[in-house]
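Trainee: Please take a close look at one part of this structure, the protein surface that faces the RNA. A connected account would help me.

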Amino acid sequence: MTIPRKIIVTSALPYANGPIHIGHLVEYIQTDIWVRFQKLCGNQCLYFCADDTHGTPVMISARAAGIKPEELIERVHKEHKTVFDSFFVEFDNYYTTHSDENRQFSELFFKRLNEAGSIVKRTVEQAWCENCKMFLPDRYIRGTCPRCKAEDQYGDSCEVCGATYQTTDLLNPRCAACGSTPSRRKSEHYFFKLADFEKQLKKLIADEYTQKTVANKLDEWFKAGLKDWDISRDGPYFGFKIPGEENKFFYVWLDAPIGYMASAKNYCDTHGLDFERLWNSDEYELYHFIGKDIMYFHALFWPAMLIGAGFKTADKLFIHGFLTVNGEKMSKSRGTFIRADTWRKHLDPETLRYYYAGKLTGGIEDIDLSVDDFINRTNSNLVGKFANLASRSGPMLTKKLDSKIGRLDEGGKKLLNKLTAAKTQIVDDYENLNFASVVRTITALADEANRYVEQNQPWVTIKDDTETTRTTLTAVLNTVRVLTIYLKPILPKYAEKVEKFLNVGELKFEDVETVLENHTIGKFERLFNRIDKKQVNAMIEESKESKAPQVRTQTEPFAPECTIDDFAKIDMRIAKITKAEPVEGADKLLRLQLDLGGIEKNVFAGIAQAYKPDELVGKIVVCAANLKPRKMKFGLSEGMILAAGAGGKDIFILTADAGARPGQRVS
RNA sequence: GGCGGCGUAGCUCAGCUGGUUAGAGCAUGGGAUUCAUAAGCCCAGGGUCGUUGGUUCGAAUCCAACCGCCGCUACCA
């Protein structure tokens, strides 16, 4: 290992279909702490990430919002970046998978894998929605479970009885978007022959590519046999088109991990670095931080792709568990599905960083955010131990001793030695992602320092012995300095405040070895605020109100995109209702006579339960004027008037503002 | 169903390859202080280490079964 080390780090790419929540943040905070630690040690460490932008969900969401996917992902990208900034997650490059670099790499991977014979074509049969004009992934089909008859289940498995099945087995299948019954349609797909790489993958894992527990899990998958991986999707699909194909795209999971490289490449190009050296040589170490939910992709598919395409694989995967809140899965109804921006509105982001740090061990166990524990820990450690140490020493020195730090005596040196002696342990724990241990060590040292203050009673000595007091406070402020260095990867903002207050430059890990003597400090600034349970409750209350997005999903999804030409085919005109009468033998229909500027049309409208004939006469409405006339039981209907609503009494006719004249075209 | 992980004081967790009376932080009770964001310091109480067997001179630590919780079960992201 050369010194300084050169390290590339990635976090999993967040999906561009929704906001960042505190569960996501476990990973970004964990990674960021590690990256900051490396940088503070003087290593060159680059942290790359990006939005994962492709796939069906993004496409559907964009449709539902009535915008282009490109617009959606751009908006989400900004939101994500803002959140990361506010939590001090400092990427060297936060890019997007919808980039030229990523397209080029994706095509390169495909080409190389294809040439190496690692890709095969095979016909698969899938559900097709005629109305939405698209193939439906499992998640977009709903129906009745063939085993337990539970209704409204996904196309692959039942959430009630846990059965797994094919979408064809589902009773009453419906398209989740439009509700129509899907048909079956055959299509040719590309498959990546994962099994070809079994030997290399096994070797990789034997070489400690992952934690031990993960290796066990992977072993299970090896025993089950590695299967081919479907890497193409038929259009419409938001993603990269497969070269040489008209309507086939790379599956989002193919280009997502390639996004790590694209982000790195983009950084290299804008910073004058050689990508080939940075990404593909032994000069740089490479680590991926991921959650255990995407182990399969990062421990099997991704390294296999890299090997097959002639790239080096990562040195290690750092896998973490999920977040639970108060011991349970995050829940919208309980208000524990807390978005990052909501947290920030109510609480200091660094308190979350500190809490997570105190829980993270480098293992894959889930970590729990217990609200009471969180409040206690924040108040007791951040305020009671660290901030208190500074605030019981700094202001006294400023007020009574001209802000001047003096020299350490034997007692002070002994205390400081205790703190610096912990450096090896702390560095080791940081390196091994055992941040919980780091925090335990640091808090114990802070206890030590607080005890020192107690023993030397500067508030007593200040009365008649200023220089002894100065010596005591010198020691205490030096402990503040060292503790701050240790905490800096976890609490960057806090460290910045302390640096300002101590009137020193940017502290690094090696500064632990030196002491601050004969130095004038700056003005003390409040470092942390005590948390009141009310703040947390308010945050949870607000998170419960996340009914807004649910309303959005209740809105009927938009029909497939149409062009302005399609739209222009329908000739909509302003019409005046000149006559309205009930239709004998029909209780829903009214016969309307419309004036379209001199031209009369006879229209039957199914609005009898919502409107009385009398109240309609004279109304200015909108009429689809070129609709093919339809012969009905009661006569010929020559058009259609526009209305909204669910039907029955719930119908609302569209009218025009005053000034619109019969016959005018609506556009 | 199969597989994996977890189950240690009120809470959150540490306990590496088995070895004297099982640890930490927080919370709780008591005490002495008052520089400090009612923070800090000292002392104390509190656990049959999920259950039952087994291996061993000796197990929270290894093995088996069972109970409980969680997750994975690949073309969902």
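Mentor: What follows describes the surface near RNA strand B, then the sheet that holds one of its elements, and last the domains and cysteines. This is a predicted model, in which local features need pLDDT of at least 70 and side-chain atom pairs count only at pLDDT 80 or more, while totals for chains, interfaces and linings use all residues. Residues are numbered from 1 along each chain as its sequence is written, chains are lettered from A and ligands numbered from 1 in the order in which they are written, and side-chain values use heavy atoms, with hydrogens and water left out.

A residue is near the RNA if one of its heavy atoms lies within 4 Å of it. There are 49 residues around RNA strand B, and Glu220, Arg233, Tyr251, Tyr296 and Lys359 come nearest. On the RNA side, 69% of the atoms within 4 Å of the protein belong to sugar and phosphate. By class, the surface has 24 charged residues, 16 nonpolar and nine polar; Asp, Glu, Lys and Arg count as charged, Ala, Val, Leu, Ile, Met, Phe, Trp, Tyr, Cys and Pro as nonpolar, and the others, Gly among them, as polar.

For polar contacts, the cut-off is a pair of N or O atoms within 3.5 Å; within protein, one must be able to donate a hydrogen and the other to accept it, and residues adjacent in sequence count only if both atoms are side-chain atoms. The side chain of Tyr251 places an N or O atom 2.2 Å from a phosphate oxygen of RNA strand B. Sugar or linking oxygens are met by Ser391, at 2.6 Å, and by Asn388, at 3.1 Å. Elements giving two or more residues to this surface include helix 6 (212–224), strand 10 and helix 12 (371–391). Helix 12 gives the most, with 10 residues. Helices (H or I, at least four residues) and strands (E, at least two) are DSSP runs, numbered from the N terminus.

Strand 10 (229–230) is an edge strand, as is strand 5 (134–135), in an open antiparallel sheet of order 5-4-9-10. Two strands pair if DSSP finds at least two bridges between them. Strand 9 (residues 183–192) and strand 10 pair over two bridges, and Phe192 has Trp229 as its bridge partner.

An automatic or database assignment sets the domain bounds. In chain A, domain 2 is 117–198 + 212–250 and domain 3 is 371–520; their centres, taken over C-alpha atoms, are 56 Å apart.

With a disulfide defined as a pair of cysteine sulfur atoms within 2.5 Å, the count is zero. Cys268 cannot bond because its sulfur is 14 Å from the closest cysteine sulfur, in Cys45.
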